[in-house]
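This briefing covers a few selected residues and the overall build of one chain. The sequence and structure come first, followed by notes grouped by topic.

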Protein chains: 2
Amino acid sequence: MSTDGVSTDAVSGEPSRLRADARRNRERILRTAMRHFSQHGIDASLDEIAREAEVGAGTLYRHFPSREALLAAALEERQAALLAGAQQAREISDAGAALGAWLASLQDYLRSFNGLPAPVLAAVKQQGSPLCLSCNALVALTGEFLDRAQQDGQARRTVTANELFLSALGLAWVLDRAEACGTTREALEKVMAQGYLTPERAEDVTHGGG
Amino acid sequence: MSTDGVSTDAVSGEPSRLRADARRNRERILRTAMRHFSQHGIDASLDEIAREAEVGAGTLYRHFPSREALLAAALEERQAALLAGAQQAREISDAGAALGAWLASLQDYLRSFNGLPAPVLAAVKQQGSPLCLSCNALVALTGEFLDRAQQDGQARRTVTANELFLSALGLAWVLDRAEACGTTREALEKVMAQGYLTPERAEDVTHGGG
DNA sequence: ATGCTATATGGAGACGGTCTCCACTTTCCG
DNA sequence: CGGAAAGTGGAGACCGTCTCCATATAGCAT
């Protein structure tokens, strides 16, 4: 524990110019929040988190002005894991398999906390959200893998990154509230991948339109 | 129950043996609730509904013990419309088109109120919910049209009614919070119908398994 | 060390939501 | 018309979010 006093963190993350006690508190809050979000989902009581982190509610809200801000901070590790997943997926030679691997990683990420899909979806449309940045990145990444699979003739050219990402969100939403509901994750992923129509019929619809 | 002078309503609907004032209040609450759910989504304040219906909170909770109960009552007309939609769909000769029509009606129903997909999904797994009955019926109806389309070779035999219904729920969830998010309902419906994979690739996955 | 100030803290309390409880009012039957 | 059964309203307990500011503290200058 080499306590290096005040040194300004030149390159890295946010908690740079905070006073020592503030940094400590921020950390306590964050750890407690991660535990609570894991256990009780994204609707965990913020005051309860503050209480258990042994700080006042004001302190929590000073560090994290909104639930989303706290959520975003609590998700950083998971996001790192997701990015690692993306890197692994990139190294898969088959474009379709790579896309599949990415979507699987994405599902895992979206199930970090119960109810996570909702704020993520909100962040997609709402500009200023703290989750927004990562969220745009997620769409972009989805686009990257989708493009590759399309180039390779494995994914439909009619599908856009946005659509695929939103579909994945919908799937995650169903999954995290309904796994014990008579279906498996695999089955629903398959429906998303293949659709419910027969191939021949699907092509008709493609050309015929509505 | 020795002296049940008040005859139990054997067959029909709910508002049977209520005192005149009670029936009137129930009706006022229901009308107000329909308006509020329409305007503010399913999270509309119940106390606010009571206030605007000019009844006490206790009265509201006596008639409708939970938000779900009120919701279920407020949805009755919409459910009737949905059933009518099902009947129309039945009369379509093409099995695939019939399935499509049903799913479209279902989407309309699920968008009766903002946020409706969530309680419906909850009702799928939670036995005792007031929405549960209608919800089971919805899965059954979906099964009816899916079966027909499968018989006709238009829908994949690997898909079950439950899966299709849950997918539709996920779609509705995305739609009702994200329509103004860079995508159209039609596009997402198409993804659900066809999947994101190319037909050839989809067949590989079918055989290859997980 | 010591003083000083920017920084950070805690928790009381305003607000709004859910839901219960029961003293009171109303209906309606005999 | 009288009284029991049915129904009512709204006060208030409880819980969650979020703000505000008197107070406490870290860390720099001296």
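L197(B) sits in the loop of chain B that joins α10 (185-194) to α11 (199-208). The model is predicted. With a relative accessible area of 7%, L197(B) falls under the 20% cut-off and is therefore buried.

**Surroundings of L197(B)**

- Leaving aside residues up to four places away in sequence, L197(B) touches Q154(A), A155(A), R156(A) and A193(A) in chain A.
- In chain B, again without residues up to four places away in sequence, L197(B) touches A202(B) and V205(B).

**A buried acidic residue, E163(B)**

- E163(B) belongs to helix α9 of chain B, which spans residues 161-178.
- Which side chain of opposite charge is nearest to the buried E163(B)? That side chain is K190(A), 8.1 Å away.
- E163(B) has no salt bridge; a salt bridge would need a side-chain nitrogen of Lys or Arg within 4 Å of a carboxyl oxygen.
- Not counting residues up to four places away in sequence, E163(B) is in contact with T183(A), A187(A), L188(A) and V191(A) of chain A.
- From chain B, T158(B) is also among the residues that E163(B) touches, with residues up to four places away in sequence not counted.

**A patch of positive charge**

- K125(A), R177(A), K125(B) and R177(B) form a patch of positive charge on the surface.
- One of these residues, K125(B), is part of helix α7 of chain B, residues 117-125.
- Is K125(B) buried or partly exposed? K125(B) counts as partly exposed because its relative accessibility is 41%, and the partly exposed class runs between 20% and 50%.

**Chain A: fold and dimensions**

- Chain A contains eleven helices and zero strands.
- Read from the N terminus, the order of elements in chain A is α-α-α-α-α-α-α-α-α-α-α.
- Along the principal axes, the C-alpha atoms of chain A fill a box of roughly 65 × 40 × 30 Å.
- Among contacts in chain A with a separation of 6 or more, 65% are between residues 24 or more positions apart.

**Chain A: burial, surface and charge**

- Chain A has 210 residues, and 49% of them count as buried.
- The exposed area of chain A is about 10300 Å², of which carbon and sulfur atoms supply 51%.
- Chain A carries 22 positive and 27 negative charges, and the mean positions of these two sets are 6 Å apart.

Terms used. Residues are numbered from 1 along each chain as its sequence is written. Chains are lettered from A and ligands numbered from 1 in the order in which they are written. This is a predicted model: local features need pLDDT of at least 70, side-chain atom pairs count only at pLDDT 80 or more; totals for chains, interfaces and linings use all residues. Side-chain values use heavy atoms; hydrogens and water are left out. Patches are made of residues with over 30% relative accessible area and no salt bridge: like charges are joined within 9 Å, nonpolar side chains (Val, Leu, Ile, Met, Phe, Trp, Tyr) within 5 Å. Accessible areas come from the Shrake-Rupley method with a 1.4 Å probe; for residues, only the protein chains shown count as cover. Lys and Arg count as positive and Asp and Glu as negative; His and the chain ends are not counted. The place of a charge is taken as NZ of Lys, CZ of Arg, CG of Asp or CD of Glu. Helices (H or I, at least four residues) and strands (E, at least two) are DSSP runs, numbered from the N terminus. Buried means under 20% relative accessible area, exposed over 50%, partly exposed in between (1.4 Å probe, protein chains only). Contact means heavy atoms within 4.5 Å.
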